[in-house]
Amino acid sequence: MHKNTLNLFLKELNIKHTNSYSSSLFEEHPNKYNLYGISQMLNLYNIPNIGIKVENKDLNSLELPVIAHIGYDFVVVNKVTNTQVGFYWKGKHTILNIDKFIELWSGIALIAEPTKESIEPSYRKHFITEILNRIQTFSILTITITLILLLCIFQSLSTIKILFLLCNLCGCIICYFLLQKQNHTESLYADKICSLFKQKDCNDILDSKVAKIFDWLSWSEIGMGFFISNILILITFPELFEYVIPVCISALPYTIWSIWYQIRVAKQWCTLCLIVQSILWCIFFIALFNESMFPDKLNYFNFIFIGMIYLFTIFSINKLSNIILSNQQMTNIRQELNSIKFTDDVFVTLLKKRPYYKVSRLDSNIILGNPDSSIRITILTNPHCQPCAFTHKKIERILKKNMDKMHIQYIFTAFNDNLLNSNKILIAAYQQKNQDEVRDIYTQWFNKGKINPDAFAKKMNIEISNHHVQEELDKHYQWKKYNQLSVTPTILINGYLLPENYNVEDLEYFCNINLTASN
């Protein structure tokens, strides 16, 4: 899993989080490259935070960990001594002389003070999902290894064939690392192996033109398909082993060319590539001890058959690799689109092109949040509508963090007249309780209270039999009738229908835009 500024900072703060959610949140966030965006992400975790400018660049005055701005990037500082600074940059922990660090540091930092409520949203759900994914991966590996062992036992493989099998298993592992590096997927083990030559990087070779054939098939994919095919043929058709050996021998010239290219042309080493080439030679030397290196009688059908196995496996690996790469590219595309989508000017332009419905305090007095704020979110909602219940949860989460920047205006409707008492309950709650109590009552209503409205009203001590409640209900009905709206939930931003490409959660990004709200 990719390590980024967010999940490294969460780890240092000891916040309950999952790598899958935090990585996805960071990679797709429209403002992930600035401090404001990181602050927004921390807000989702209910972590109070603030950006500061340390004029004298005194690191010892800051409570660690902090996010510091260096050059055009951010690092997570987790250790400061009189002589050194320890920090995470691009997922790797680095130690730098304190004077050098201060020279690079702009003095800008983000500090955070977690509370008891600081936790990942829907943490339990994300945690269970992540655990199940790990169990699934472990189960697949376990079942695969078990099947290979059982087939080896069933086939009564000789020592030579077992050694051949082990070499190909090692080849699969190294090629898997190569594919990770090729697709620029973070891999702790692959990075450690590549760092054996500290001055070089495997990606310098893997990103070169010669790393691919026909611009669509890489040597890493061919290697993975080659080793997997050898294993499949050995454990399912051991009688064809003599046909596999010539194929393995034919791969040896590639190893000579690869080493020549790294020495004479690239003038740098790819450690993972060298390991693969070593494995190919090990396979050759193991084959030398086999009773026969070539079939006694050539059967062209067998050659065609194993050739099809090799081609099928290699093409399948290539296809799977392209799917994984496409998913990674889609993440980048989503982030780029989000960076445009969540620009204030873009949102306001799209918003002003949407249908406009005149709405004011005269149409509904059910206001939560800061009534003097410039952003009014009007929601036509049905107390018995399940999508409305989901919307309320999302709105409540946004309102909790932005109480002073926006206000929510509820307009209630119903499926039929028999359910109007539910509307009266929510209206009466607003008129008879303080705002904190109202928000709690609404949350309880949409959770379970709507199942038995009368019992809920009695429990909350809400009286619906007064003319003020009926007057408010009539205003809601008249507004809905005048505007001919019936779909719930309908969300308006200062009277404009929420643009189609935006959802409720997106509104949190626009808490600071300047929209004129008419009361």
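1. How far is the sulfur of cysteine 175 from the closest cysteine sulfur, and in which residue does that closest sulfur lie? In this predicted model, the closest sulfur belongs to cysteine 172 and lies 7.0 Å from that of cysteine 175, which is too far for a bond. Cysteine 175 has a relative accessibility of 1% and therefore counts as buried, the limit being under 20%.

2. Cysteine 248 is likewise in no disulfide, since the nearest cysteine sulfur, that of cysteine 167, is 10 Å away. With a relative accessible area of 6%, cysteine 248 is buried.

3. The structure does hold one disulfide, and this is formed by cysteine 270 and cysteine 273, whose sulfur atoms are 2.4 Å apart. The torsion about their S-S bond is about 70 degrees, so the disulfide is right-handed. Both of these cysteines, 270 and 273, are buried.

4. Turning to the packing, the largest nonpolar core has 49 residues, of which Phe164, Phe227 and Leu272 touch the most other members. At least two residues of this core come from each of α5 (123–155), α6 (159–182), α7 (188–194), α8 (202–206), α9 (219–236), α10 (241–250), α12 (271–288) and α13 (300–341). The element that gives the most to this core is α6, with 10 residues. Apart from this core lies another, of 48 residues, and its members include Phe347, Leu351, Val504 and Phe510.

5. The surroundings of leucine 272, one of the three residues that touch the most other members of the largest core, can be listed in detail. When residues up to four places away in sequence are not counted, leucine 272 touches Ile174, Phe177, Leu178 and Lys181, and also Ala190, Ile193, Cys194 and Cys202.

6. A polar residue also deserves a comment, namely glutamate 472, which is found in helix α19, spanning residues 467–483. Is glutamate 472 buried or exposed? Its relative accessibility is 5%, and for that reason glutamate 472 counts as buried. Leaving out residues up to four places away in sequence, the contacts of glutamate 472 are with Ser364, Asn365, Ile366, Ile427 and Gln431.

7. As for annotation, UniProt lists residues 6–116 as "domain: Peptidase C39", in an unreviewed entry. Over residues 6–116 the chain in this model is 31% helix and 34% strand, and the C-alpha atoms at the two ends of that stretch are 19 Å apart.

Key: Residues numbered from 1 in each chain as written. Predicted model: local features only at pLDDT ≥ 70, side-chain atom pairs only at ≥ 80, totals over all residues. Heavy atoms only, no water. Disulfide = S-S within 2.5 Å. Buried < 20%, exposed > 50% of the residue type's maximum accessible area, 1.4 Å probe, protein only. UniProt positions renumbered as here; feature names shortened; annotations may be inferred. Helix = DSSP H or I, 4+ residues; strand = E, 2+ residues; numbered from the N terminus. Contact = heavy atoms within 4.5 Å. Core = buried A, V, L, I, M, F, W, Y, C linked by side-chain atoms within 4.5 Å.
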